[in-house]
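Thank you all for coming. I would like to walk through one structure this morning, beginning with a single pair of residues and working outwards from there.

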Amino acid sequence: MNIVSGKLRIIFVCNLIFGMTALPAFSQIKIDSVIVTGYLKGGILEEQLVPISKINLQKLENENVTALKGLSGSAPNFYIPDYGSRMTSSVYLRGIGARIDNPVIGLYVDGIPYLNKNNFDFDFFDIRSVDILRGPQSSLFGRNTIGGVVNITTLSPFAYQGTKASIGYGNGNSFSIQASQYSKCNDRLGISAGAYYNSSDGFYTNDFSHNDLDWYKGGGVRLRLQWIKSADLSFDNSFTIGYLEQGGFPYGKVDTLTWSASNPNYNDKSGYKRFTVSEGVSFKKNLDKYILTGIISYQYTDDKMNMDQDYTPDSYFSLIQNQKEHTIYQDIVLRSKEDNRWKWLNGASCFFKYLDMDAPVTFKEDGIDRLILANANKGLSLMFPGEEIKIKEENFVINSFFKIPTYGVALYHHSFFRYGKWLFEAGLRLDCEGSHLRYDNGADIHYLFTMTMSEYREIVTKLKGNENLLFIEILPRVAASYNTGNYKIFSSLARGYKAGGYNTQLFSDILQNQMMEDMMNDLGVHLTNSAYSAYNIADVITYKPEYCLDFELGVIYSSNTGFNFNLLFFDIICTNQQLTIFPERNSTGRMMTNAGKTRSYGVEGSISYNWKNLKLYGDYGYTDARFIKYNNGRNDFSGKYVPYAPQQTVSAGVDYTILAKNNQLLPDKIVIHADVKGFGKIYWNETNTLSQNFYTLLNGSISLQKKPFTLELWGKNLLSSDYSTFYFLSMGNSFLQKGKPLQYGLKFKINI
Amino acid sequence: MKTFKTIKFSVIIAFAVVSFFASSCEKDDNEQIVITQDITFSGRMTVDQLDGTNYTVNGVQIKIEPATSGNILTIEMLQVSFSPKMPVKLDMKIQEVMYYSSSKKIIISGNNIIPIAMGGEFPAYTITNLSGEIENGSITLSMMCGNYPLTYSGTLQL
């Protein structure tokens with residue numbers, strides 16, 4: 001492989017390999033067309049009629065995108081609020097989203113699916129491109145692609161050879177360093193290896209400890225090997241190890257009168273750490289009349305979250321959540337090779353994942369006194385003044401162990417039929433998914449009623465059991481387009497599917513209630529107006545799949561003059577939409593509930609214009625997502641906006657490149673970049689009484705390039721806009737996370 | 001040799017009740033009825049509130065638990081409240097209650113018994129002047145619970 005010479009101009013020809021049209025790249029890279037990877041479904045996407053937002057390497061660098069959350073707004077109606085920790089990746093697309101458990105988008109990195117949402121927020125490192133496919137992709141990709149698919153491709157040793165390194169420093173004591181080597185051993189073998197390390201003190205301080213709250217450090221290694229065995233057979237192997245450790249959860253209590261959030265102020269340790277291993281091998285085999293592609297991958301995730309669940313200086317309770325997950329995935333696609341009117345694709349897919357989770361909740365002094373004993377003694381103190389129930393332990397642990405194996409198998413077919421200027425598409429996927437939950441929860445405490453008992457009595461509460469889920473789904477899609485040359489009009493109708501699951505996070509709450517009941521039963525006391533009415537476990541432990549029916553109508557215009565735009569209207573009916581709620585009472589557990597029915601409609605538009613050294617681009621999304629039917633038994637939310645999803649996303653940017661004449665002293669090139677992103681309005685609750693108004697973030701960078709060096713000054717939220725990224729209500733207290741303030745830094749890069 | 005006598009149950013008591021009660025109560029050689037297993041009644045409890053009013057609760061269950069030896073039983077009042085002001089319901093046990101039986105009914109009596117509730121003794125509500133009888137599948141009780149007169153009447157539960 002050879003880099004095309006001259007001012008870092010590398011031609012990016014990837015359509016034959018990855019099924020993409022060439023990007024209007026700033027740095028262009030040429031790739032041998034015989035390579036192949038298991039990119040998505042073996043390149044079929046060049047035919048598929050799906051709105052795709054493509055973010056290339058140059059845009060990622062100009063916007064200083066370091067993780068998936070940085071792509072919020074880069075595609076219309078695509079929003080990932082930055083809150084909590086790296087474990088938190090709540091993706092919203094077109095008003096559909098999920099805060100916990102199954103995501104609404106599928107994430108693929110070099111063809112390897114990230115089935116666990118906990119892994120979504122990883123450090124970007126030599127990422128070559130990100131494609132965001134909007135709208136349900138379930139007919140090809142199956143589960144949890146109800147909102148779309150994000151496909152990330154890393155830099156390939158066949159695309160680039162040389163050494164890349166960078167070091168950066170910014171406010172918040174943020175530091176980054178990375179280095180990688182891309183080599184092409186011969187025409188058939190390419191190898192790359194890279195490593196990075198990032199750290200930061202963060203931007204929030206805990207008023208309780210006066211320590212940095214959202215500090216971060218993480219690193220990783222990626223090895224990639226691409227082998228063209230013959231003209232007809234090639235392999236691509238990607239191996240990644242990542243580790244991170246951080247503080248987190250900078251949630252500040254809200255003064256409900258002034259609606260102002262105070263600084264985070266809590267006493268228990270909170271943070272997150274994660275170790276991941278990802279390995280995937282994809283292949284491409286050219287047969288006489290067909291092309292066979294496939295991928296097999298394995299992922300291991302070992303993470304641990306500590307959380308002060310009450311987020312106050314008081315000692316209520318804290319949570320530790322340890323998870324170990326193994327995932328194996330395989331996908332094989334056979335597609336037609338010849339360029340006939342009728343092209344088709346047949347695929348088979350399967351996965352198995354095994355989650356082993358240990359999530360002990362420690363009840364502490366204030367939690368025992370104010371949540372458990374206060375309720376228990378409320379009635380007794382009226383009857384027997386001066387008498388009370390006591391619990392011997394200063395702290396006690398509610399242990400929760402879960403083992404969740406999940407498996408899935410699927411068969412799918414897509415056909416494309418071209419007739420004149422028309423292109424028709426029809427696809428169908430049969431998806432079968434099953435899972436089993438084995439739970440074993442327990443607590444052991446000693447209690448005493450001062451009036452009648454002289455010694456503490458032991459209460460052992462156990463909650464053991466099994467649950468099973470099985471979903472068999474048929475996921476169709478039809479689409480058509482009419483291509484006039486510059487204009488392409490297209491329309492599609494598709495069904496999306498998001499798997500159901502288990503409310504494991506509610507178990508500590510369930511057990512706490514069970515423990516109260518056991519203690520009262522042992523005491524022979526029956527509360528007449530109990531705040532501890534027991535959960536019906538069968539009702540709350542599982543939630544059902546979510547479905548949507550998506551209709552789209554759009555137009556794409558592209559010209560040779562550098563002006564491109566697309567405009568799209570969508571209308572989605574979503575049934576059994578999964579929403580996260582905090583259960584009533586003094587509860588801190590979260591649970592997923594199927595919210596009934598919602599409708600989400602809106603428009604999306606993208607525009608780009610290239611003129612000489614100037615590039616302008618913009619993306620706009622508007623979504624009106626409301627409940628058609630949602631009655632939680634206490635309130636009817638019909639007509640209300642779906643919370644947490646923004647009504648609008650805006651992204652607009654400009655890049656201007658100044659090319660210098662050959663001069664030893666001046667830079668070869670100066671790239672000036674500015675962009676603005678906007679989000680909102682975002683409602684925080686189902687009653688739509690609390691919200692974040694539309695806000696904008698101004699970002700920019702200036703980079704000076706003198707081959708082979710680049711010096712970049714970058715800034716984010718340059719105007720220090722004041723906004724919130726997350727709200728929740730817990731134990732009657734409101735909490736907000738404020739958005740990050742002004743961030744800026746300097747980065748030095750070298751590409752040899 | 002045993003003599004067999006028929007216990008005359010009220011016509012409103014079903015044959016099943018007869019069978020159950022017969023299985024729960026056996027007659028010994030002296031023609032006395034001996035309670036051999038737990039039996040439960042449901043009925044009405046009335047507590048004089050000492051302010052000119054009575055507090056009456058329907059559907060109150062009491063369980064009669066025989067001791068392993070002797071004519072002693074325990075009366076357990078399940079989920080009861082003794083005043084409209086009580087925010088909780090209690091299970092209360094009256095232990096060491098004496099009983100004797102004739103061929104027709106069981107006579108219950110007791111005095112100065114400290115009830116057990118909420119994990120221990122409740123001397124403030126010492127039971128005095130306890131009397132009652134079980135006949136034809138029905139039970140009647142009267143007692144002083146502390147200073148509060150209490151009466152109960154119920155029927156056998158299957």
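Let us start at Ser724(A), which stands opposite Lys738(A) in β42(A), where strands are DSSP runs of E with at least two residues, helices are DSSP runs of H or I with at least four residues, and both are numbered from the N terminus. Before going further, I should say that this is a predicted model, in which local features need pLDDT of at least 70 and side-chain atom pairs count only at pLDDT 80 or more, while totals for chains, interfaces and linings use all residues. Residues are numbered from 1 along each chain as its sequence is written, and chains are lettered from A and ligands numbered from 1 in the order in which they are written.

Now to the sheet itself. Strands β41(A) and β42(A) are joined by six bridges and run antiparallel, and two strands are said to pair here if DSSP finds at least two bridges between them. They belong to an open sheet of four strands in chain A, in the order β15-β14-β42-β41, with antiparallel pairing; its edge strands, each pairing on one side only, are β15 and β41 (724-730) of chain A. As a general reminder, strands of a sheet pair through backbone hydrogen bonds, either parallel or antiparallel.

Further into this sheet, strand β14 (residues 252-255) of chain A pairs with strand β42 (residues 733-738) of chain A over two bridges, in the antiparallel sense, and there Gly252(A) stands opposite Leu736(A). On the way to the other edge, two bridges join β14(A) to β15 (residues 260-261) of chain A, with Val254(A) opposite Ala261(A). What do β14(A) and β15(A) form? They make a hairpin with four residues between them, and in its turn Trp259(A) has a positive phi of about 55 degrees.

Stepping back to the whole of chain A, we find six helices and 43 strands. The radius of gyration, taken over C-alpha atoms, is 27 Å, close to the 27 Å that the globule rule (2.2 Å times the number of residues to the power 0.38) gives for 752 residues, so chain A is as compact as a globular protein of that length. Its C-alpha trace spans about 90 × 60 × 45 Å along the principal axes. Of its 752 residues, 46% count as buried, which is to say that 20 or more other C-beta atoms, placed from the backbone, lie within 10 Å of the residue's own, whereas 12 or fewer would make it exposed and anything in between partly exposed.

For the interior, a nonpolar core is a set of buried Ala, Val, Leu, Ile, Met, Phe, Trp, Tyr and Cys residues joined through C-beta atoms within 7 Å. The largest has 81 residues, and those touching the most other members are Ile62(B), Ile75(B), Val80(B), Leu90(B) and Val97(B), although helix α5 (residues 507-523) of chain A gives the most to this core, with eight residues. A second, separate core of 64 residues includes Ile55(A) and Tyr497(A).

Finally, how many residues of chain B are in contact with chain A? There are 13, and they meet 15 residues of chain A, contact being C-beta atoms, placed from the backbone, within 7 Å. On that side of chain B, β6(B) gives the most, with four residues.

Technical notes. Contact = placed C-beta atoms within 7 Å.
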